[in-house]
Amino acid sequence: MRSFSIVVAADLANGIGFEGKLPWRLKKDMAFFARITSKIVHSTTCSTRVNACIMGRVTWESIPARFRPLSSRFNVIVTRNPHYLDNKPEKNNPLVALASSFEDALDLVESLQGQSPVEPGSSPSSSVADIQVERIFLIGGAQLYNQGILSKDCSNIFMTRIQAIVKCDTFFPNIDPSQYRLLPRYESHTFLENYLQEPVEAGIITEGEYSYEYTVYHRDSAENSCKDE
Ligand SMILES: NC(=O)c1ccc[n+]([C@@H]2O[C@H](COP(=O)([O-])OP(=O)(O)OC[C@H]3O[C@@H](n4cnc5c(N)ncnc54)[C@H](OP(=O)(O)O)[C@@H]3O)[C@@H](O)[C@H]2O)c1
(Lines give C-alpha, C1' and ligand atoms only; values in the text may rest on other atoms or scores of the structure.)
Protein backbone atom coordinates (compact mmCIF):
# COMPACT_ATOMS: atom_id res chain seq x y z
CA MET A 1 0.00 0.00 0.00
CA ARG A 2 2.86 2.32 0.79
CA SER A 3 4.20 2.18 -2.75
CA PHE A 4 4.90 5.60 -4.24
CA SER A 5 6.13 7.11 -7.50
CA ILE A 6 8.58 9.92 -8.12
CA VAL A 7 7.59 12.60 -10.64
CA VAL A 8 10.38 14.80 -12.00
CA ALA A 9 11.49 16.80 -15.01
CA ALA A 10 15.23 16.62 -15.60
CA ASP A 11 17.66 17.67 -18.29
CA LEU A 12 20.30 15.38 -19.79
CA ALA A 13 22.64 16.09 -16.85
CA ASN A 14 19.86 15.40 -14.31
CA GLY A 15 19.48 19.14 -13.65
CA ILE A 16 16.12 19.96 -12.05
CA GLY A 17 16.34 23.42 -10.48
CA PHE A 18 18.02 26.79 -10.52
CA GLU A 19 17.90 29.42 -7.76
CA GLY A 20 14.96 27.74 -6.06
CA LYS A 21 12.85 27.52 -9.19
CA LEU A 22 12.37 25.35 -12.25
CA PRO A 23 14.99 26.21 -14.88
CA TRP A 24 12.39 26.06 -17.68
CA ARG A 25 8.77 26.90 -18.29
CA LEU A 26 6.94 24.06 -20.00
CA LYS A 27 3.18 24.51 -19.87
CA LYS A 28 2.41 21.15 -21.45
CA ASP A 29 4.66 19.30 -19.05
CA MET A 30 3.12 21.14 -16.11
CA ALA A 31 -0.29 20.02 -17.37
CA PHE A 32 1.02 16.44 -17.58
CA PHE A 33 2.35 16.74 -14.02
CA ALA A 34 -1.08 17.92 -12.88
CA ARG A 35 -2.77 15.03 -14.71
CA ILE A 36 -0.57 12.26 -13.42
CA THR A 37 -0.61 13.50 -9.84
CA SER A 38 -4.34 14.30 -9.77
CA LYS A 39 -5.86 11.36 -11.62
CA ILE A 40 -8.06 9.11 -9.51
CA VAL A 41 -8.36 5.80 -11.34
CA HIS A 42 -10.67 3.86 -9.10
CA SER A 43 -14.17 5.22 -9.46
CA THR A 44 -15.65 6.52 -6.26
CA THR A 45 -18.42 8.77 -5.09
CA CYS A 46 -16.12 10.06 -2.39
CA SER A 47 -15.24 13.69 -3.11
CA THR A 48 -12.40 13.58 -0.59
CA ARG A 49 -10.50 10.80 -2.38
CA VAL A 50 -7.29 12.37 -3.65
CA ASN A 51 -3.69 11.53 -4.43
CA ALA A 52 -0.93 12.69 -2.11
CA CYS A 53 2.02 14.84 -3.21
CA ILE A 54 4.95 14.78 -0.81
CA MET A 55 7.47 17.59 -1.23
CA GLY A 56 10.31 19.35 0.52
CA ARG A 57 9.70 22.76 2.05
CA VAL A 58 11.82 24.50 -0.64
CA THR A 59 9.74 22.93 -3.41
CA TRP A 60 6.53 23.99 -1.66
CA GLU A 61 7.85 27.57 -1.60
CA SER A 62 8.80 27.34 -5.28
CA ILE A 63 5.15 26.84 -6.24
CA PRO A 64 3.60 30.23 -7.03
CA ALA A 65 1.24 31.21 -4.18
CA ARG A 66 -1.78 31.20 -6.49
CA PHE A 67 -1.15 27.52 -7.33
CA ARG A 68 -0.70 26.24 -3.79
CA PRO A 69 -1.77 24.07 -2.31
CA LEU A 70 -1.80 21.90 -5.45
CA SER A 71 -5.51 21.59 -6.08
CA SER A 72 -7.41 18.34 -5.54
CA ARG A 73 -4.32 16.72 -4.05
CA PHE A 74 -3.18 16.15 -0.49
CA ASN A 75 -0.05 18.32 -0.09
CA VAL A 76 2.49 17.08 2.44
CA ILE A 77 5.36 19.47 3.20
CA VAL A 78 8.48 17.92 4.72
CA THR A 79 10.23 20.32 7.10
CA ARG A 80 12.11 20.20 10.38
CA ASN A 81 10.11 23.23 11.54
CA PRO A 82 6.90 22.03 13.24
CA HIS A 83 5.59 25.61 13.29
CA TYR A 84 6.12 26.18 9.58
CA LEU A 85 2.44 26.67 8.82
CA ASP A 86 1.73 28.92 11.81
CA ASN A 87 0.35 32.24 10.55
CA LYS A 88 0.19 30.89 6.99
CA PRO A 89 -3.09 30.85 5.05
CA GLU A 90 -2.84 27.06 4.58
CA LYS A 91 -2.70 26.34 8.34
CA ASN A 92 -6.24 24.96 8.58
CA ASN A 93 -6.52 23.63 5.05
CA PRO A 94 -7.36 19.92 5.27
CA LEU A 95 -5.43 19.30 2.03
CA VAL A 96 -2.15 20.54 3.57
CA ALA A 97 -0.09 18.76 6.21
CA LEU A 98 3.42 18.93 7.63
CA ALA A 99 5.73 15.97 8.15
CA SER A 100 8.97 16.03 10.11
CA SER A 101 10.73 13.60 7.76
CA PHE A 102 10.13 11.73 4.53
CA GLU A 103 9.33 8.56 6.48
CA ASP A 104 6.78 10.48 8.58
CA ALA A 105 5.22 11.78 5.39
CA LEU A 106 4.89 8.24 4.05
CA ASP A 107 3.44 7.03 7.36
CA LEU A 108 0.87 9.83 7.30
CA VAL A 109 -0.33 9.22 3.75
CA GLU A 110 -0.30 5.46 4.22
CA SER A 111 -2.56 5.90 7.23
CA LEU A 112 -4.98 7.81 4.98
CA GLN A 113 -4.99 5.16 2.25
CA GLY A 114 -7.05 2.56 4.00
CA GLN A 115 -9.72 4.60 5.65
CA SER A 116 -13.37 4.58 4.70
CA PRO A 117 -14.54 7.33 2.41
CA VAL A 118 -16.83 10.05 3.69
CA GLU A 119 -20.43 9.21 2.77
CA PRO A 120 -21.88 11.25 -0.08
CA GLY A 121 -24.13 13.97 1.28
CA SER A 122 -22.25 14.27 4.53
CA SER A 123 -20.74 17.61 5.53
CA PRO A 124 -17.71 18.85 3.56
CA SER A 125 -14.29 17.66 4.62
CA SER A 126 -13.02 19.69 7.52
CA SER A 127 -10.01 17.74 8.68
CA VAL A 128 -7.13 15.61 7.44
CA ALA A 129 -8.90 12.62 8.97
CA ASP A 130 -11.60 12.88 6.29
CA ILE A 131 -9.13 12.57 3.39
CA GLN A 132 -8.82 9.26 1.60
CA VAL A 133 -5.55 8.88 -0.31
CA GLU A 134 -5.27 6.81 -3.48
CA ARG A 135 -1.79 7.17 -5.03
CA ILE A 136 1.33 8.64 -3.45
CA PHE A 137 3.79 10.85 -5.35
CA LEU A 138 7.10 12.33 -4.35
CA ILE A 139 7.43 15.58 -6.30
CA GLY A 140 10.81 16.96 -5.15
CA GLY A 141 13.10 18.60 -4.69
CA ALA A 142 16.60 17.17 -4.75
CA GLN A 143 16.86 16.60 -0.99
CA LEU A 144 13.65 14.59 -0.99
CA TYR A 145 14.46 12.75 -4.23
CA ASN A 146 17.79 11.71 -2.70
CA GLN A 147 15.90 10.04 0.14
CA GLY A 148 12.99 8.68 -1.88
CA ILE A 149 15.00 7.03 -4.63
CA LEU A 150 16.67 4.79 -2.04
CA SER A 151 13.35 3.55 -0.68
CA LYS A 152 12.19 0.06 -1.60
CA ASP A 153 8.68 1.55 -1.63
CA CYS A 154 9.53 3.64 -4.71
CA SER A 155 7.98 1.75 -7.63
CA ASN A 156 8.30 4.20 -10.51
CA ILE A 157 10.18 7.28 -11.57
CA PHE A 158 8.11 9.25 -14.04
CA MET A 159 10.74 11.44 -15.62
CA THR A 160 10.17 14.10 -18.24
CA ARG A 161 13.56 14.00 -19.93
CA ILE A 162 14.48 17.36 -21.42
CA GLN A 163 16.75 16.90 -24.43
CA ALA A 164 19.20 19.65 -23.47
CA ILE A 165 21.65 20.70 -20.81
CA VAL A 166 20.30 23.72 -18.99
CA LYS A 167 21.97 25.90 -16.34
CA CYS A 168 21.01 24.23 -13.03
CA ASP A 169 22.21 24.26 -9.43
CA THR A 170 20.03 21.39 -8.20
CA PHE A 171 20.22 17.84 -9.53
CA PHE A 172 18.29 14.59 -9.48
CA PRO A 173 20.41 11.73 -8.08
CA ASN A 174 21.90 9.07 -10.33
CA ILE A 175 19.45 6.27 -10.98
CA ASP A 176 20.92 2.89 -10.07
CA PRO A 177 20.25 0.56 -13.04
CA SER A 178 20.33 -2.43 -10.69
CA GLN A 179 17.28 -0.95 -8.94
CA TYR A 180 15.35 0.77 -11.73
CA ARG A 181 14.91 -0.18 -15.37
CA LEU A 182 14.39 2.53 -17.97
CA LEU A 183 11.52 1.22 -20.03
CA PRO A 184 12.05 1.39 -23.79
CA ARG A 185 10.13 4.20 -25.51
CA TYR A 186 7.15 2.09 -26.59
CA GLU A 187 6.90 0.37 -23.19
CA SER A 188 7.11 3.70 -21.31
CA HIS A 189 4.25 5.05 -23.36
CA THR A 190 2.08 1.97 -22.85
CA PHE A 191 2.90 1.97 -19.14
CA LEU A 192 1.84 5.62 -18.81
CA GLU A 193 -1.40 5.11 -20.73
CA ASN A 194 -2.27 2.11 -18.55
CA TYR A 195 -1.31 4.02 -15.41
CA LEU A 196 -3.39 7.06 -16.33
CA GLN A 197 -6.09 5.11 -18.16
CA GLU A 198 -6.18 7.80 -20.82
CA PRO A 199 -4.16 8.76 -23.91
CA VAL A 200 -0.69 10.22 -23.38
CA GLU A 201 1.32 12.01 -26.06
CA ALA A 202 4.04 9.69 -27.41
CA GLY A 203 7.59 10.40 -28.51
CA ILE A 204 9.45 13.68 -28.53
CA ILE A 205 7.39 16.74 -27.66
CA THR A 206 8.59 20.21 -28.66
CA GLU A 207 7.62 23.26 -26.66
CA GLY A 208 9.37 26.57 -27.33
CA GLU A 209 13.13 26.03 -27.30
CA TYR A 210 12.91 22.61 -25.61
CA SER A 211 12.23 19.07 -26.73
CA TYR A 212 11.35 16.45 -24.16
CA GLU A 213 9.89 13.02 -23.67
CA TYR A 214 7.92 11.26 -20.93
CA THR A 215 9.99 8.33 -19.69
CA VAL A 216 9.41 5.69 -17.05
CA TYR A 217 11.94 3.99 -14.79
CA HIS A 218 10.35 1.00 -13.11
CA ARG A 219 11.55 -0.95 -10.13
CA ASP A 220 11.06 -4.55 -11.14
CA SER A 221 10.26 -6.54 -8.06
CA ALA A 222 7.72 -9.17 -7.26
CA GLU A 223 6.20 -6.81 -4.70
CA ASN A 224 5.68 -4.02 -7.22
CA SER A 225 4.09 -6.12 -9.91
CA CYS A 226 0.68 -5.78 -8.28
CA LYS A 227 1.23 -2.58 -6.32
CA ASP A 228 0.40 1.01 -7.22
CA GLU A 229 -1.69 -0.12 -10.18
N1 LIG B 1 12.41 19.65 -12.13
C2 LIG B 1 11.58 19.14 -11.23
O3 LIG B 1 10.81 18.22 -11.52
C4 LIG B 1 11.58 19.69 -9.83
C5 LIG B 1 10.67 19.20 -8.89
C6 LIG B 1 10.70 19.72 -7.60
C7 LIG B 1 11.60 20.71 -7.28
N8 LIG B 1 12.46 21.16 -8.21
C9 LIG B 1 13.44 22.20 -7.88
O10 LIG B 1 14.29 21.70 -6.85
C11 LIG B 1 14.73 22.81 -6.06
C12 LIG B 1 14.40 22.54 -4.61
O13 LIG B 1 15.05 21.36 -4.18
P14 LIG B 1 15.91 21.33 -2.82
O15 LIG B 1 16.66 20.08 -2.79
O16 LIG B 1 16.66 22.62 -2.71
O17 LIG B 1 14.81 21.41 -1.69
P18 LIG B 1 13.59 20.42 -1.28
O19 LIG B 1 14.03 19.02 -1.32
O20 LIG B 1 12.39 20.82 -2.02
O21 LIG B 1 13.35 20.89 0.23
C22 LIG B 1 14.40 20.84 1.17
C23 LIG B 1 13.82 21.06 2.55
O24 LIG B 1 13.04 19.94 2.91
C25 LIG B 1 13.17 19.70 4.31
N26 LIG B 1 13.81 18.41 4.49
C27 LIG B 1 14.63 17.73 3.65
N28 LIG B 1 14.98 16.53 4.18
C29 LIG B 1 14.37 16.47 5.38
C30 LIG B 1 14.34 15.49 6.42
N31 LIG B 1 15.00 14.31 6.30
N32 LIG B 1 13.62 15.74 7.53
C33 LIG B 1 12.93 16.90 7.65
N34 LIG B 1 12.92 17.87 6.70
C35 LIG B 1 13.64 17.65 5.60
C36 LIG B 1 14.02 20.83 4.86
O37 LIG B 1 13.10 21.86 5.18
P38 LIG B 1 13.38 22.91 6.38
O39 LIG B 1 14.59 23.68 5.95
O40 LIG B 1 12.14 23.72 6.44
O41 LIG B 1 13.61 22.09 7.62
C42 LIG B 1 14.86 21.21 3.65
O43 LIG B 1 15.38 22.53 3.69
C44 LIG B 1 14.04 24.04 -6.62
O45 LIG B 1 14.90 24.68 -7.55
C46 LIG B 1 12.84 23.46 -7.33
O47 LIG B 1 12.36 24.30 -8.37
C48 LIG B 1 12.47 20.68 -9.48
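This is a short spoken walk through one structure, from the overall picture down to single residues.

Okay, hi everyone. Before anything else, please keep in mind that what you see is a predicted model.

Let's start wide. The protein has 229 residues, and buried ones make up 48% of them. In terms of secondary structure, we have five helices and eleven strands. How much of the contact pattern joins residues at least 24 apart? If you take contacts between residues at least 6 apart in sequence, 71% of them join residues at least 24 apart. As for the outside, the accessible surface is about 11600 Å², and carbon and sulfur atoms account for 53% of that.

Now, the ligand. There are 28 residues around it, and the closest are Ala-9, Arg-57, Thr-59, Thr-79 and Arg-80. Which backbones come up against its oxygen atoms? Arg-80 is one of them: a polar backbone atom there is 2.8 Å from a ligand oxygen. With Gly-141, a polar backbone atom lies 3.0 Å from an oxygen of the ligand. And for Val-58, the distance from a polar backbone atom to a ligand oxygen is 3.4 Å. So how much of the ligand does the protein bury? On its own the ligand would expose 930 Å², and the protein buries 87% of that.

Next up, charges. Searching the whole structure turns up 13 salt bridges. I'll pick out a few.

Please find Glu-134 and Arg-49. Their side chains meet in a salt bridge, at 2.8 Å from N to O. Why is this pair worth a stop? Glu-134 sits in strand 6, residues 132–138, while Arg-49 belongs to strand 3, residues 49–56, so the salt bridge ties together parts that are 85 residues apart in sequence. Are these two buried or exposed? Both Glu-134 and Arg-49 are buried.

Now look at Arg-181 and Asp-220, whose side chains form a salt bridge at 2.7 Å, again N to O. Arg-181 is in strand 9, residues 181–182, and Asp-220 is in the segment after strand 11, so here the pair ties together parts 39 residues apart in sequence. Arg-181 counts as partly exposed, because its relative accessibility is 36%. Asp-220 is partly exposed too, with a relative accessible area of 46%.

One more pair: Lys-91 and Asp-86 form a salt bridge, with 3.4 Å between the closest N and O atoms. Lys-91 is partly exposed, at 44% relative accessible area, and Asp-86 is partly exposed at 30%.

And then there's a network. Which residues are linked in it? Salt bridges link Arg-2, Glu-103, Asp-107, Glu-110 and Asp-153.

Let's move on to the aromatic rings. The structure holds eight aromatic pairs. The one I'd like you to look at is Phe-32 with Tyr-214, which is stacked: the centres are 3.8 Å apart, with 15 degrees between the planes. Phe-32 is in helix 1, residues 27–38, and Tyr-214 is in strand 11, so this pair ties together parts 182 residues apart in sequence. Phe-32 and Tyr-214 are both buried. There is also an aromatic cluster, made up of Phe-137, Phe-158, Phe-191 and Tyr-195.

I'll finish with two single residues.

Ser-3 comes in the segment before strand 1, which covers 4–10. Why does Ser-3 count as buried? Because its relative accessibility is 3%, and the cut-off for buried is under 20%. What does the side chain of Ser-3 touch? It makes a polar contact with the side chain of Ser-155, at 2.5 Å.

The other one is Gln-147, in helix 4, residues 142–148. Gln-147 counts as partly exposed, because its relative accessibility is 40%. Where does the side chain of Gln-147 reach? It comes to the backbone oxygen of Gln-143, at 2.9 Å. Gln-147 and Pro-173 are 26 residues apart in sequence, and their C-alpha atoms are 9.5 Å apart in space.

So if you open the model later, you could start at the ligand, with 87% of its exposed area buried by the protein. From there, go to the salt bridge of Glu-134 and Arg-49, and end at the stacked rings of Phe-32 and Tyr-214. Thanks, everyone.

Key. Residues numbered from 1 in each chain as written. Predicted model: local features only at pLDDT ≥ 70, side-chain atom pairs only at ≥ 80, totals over all residues. Heavy atoms only, no water. Helix = DSSP H or I, 4+ residues; strand = E, 2+ residues; numbered from the N terminus. Buried < 20%, exposed > 50% of the residue type's maximum accessible area, 1.4 Å probe, protein only. Polar contact = N/O pair within 3.5 Å; in protein donor to acceptor, adjacent residues only side chain to side chain. Contact = heavy atoms within 4.5 Å. Areas by Shrake-Rupley, 256 points an atom, 1.4 Å probe, with all protein chains shown as cover. Salt bridge = Lys/Arg side-chain N within 4 Å of Asp/Glu carboxyl O. Near = heavy atom within 4 Å. Phe/Tyr/Trp six-rings, centres within 6.5 Å; stacked < 30°, edge-to-face > 60°.
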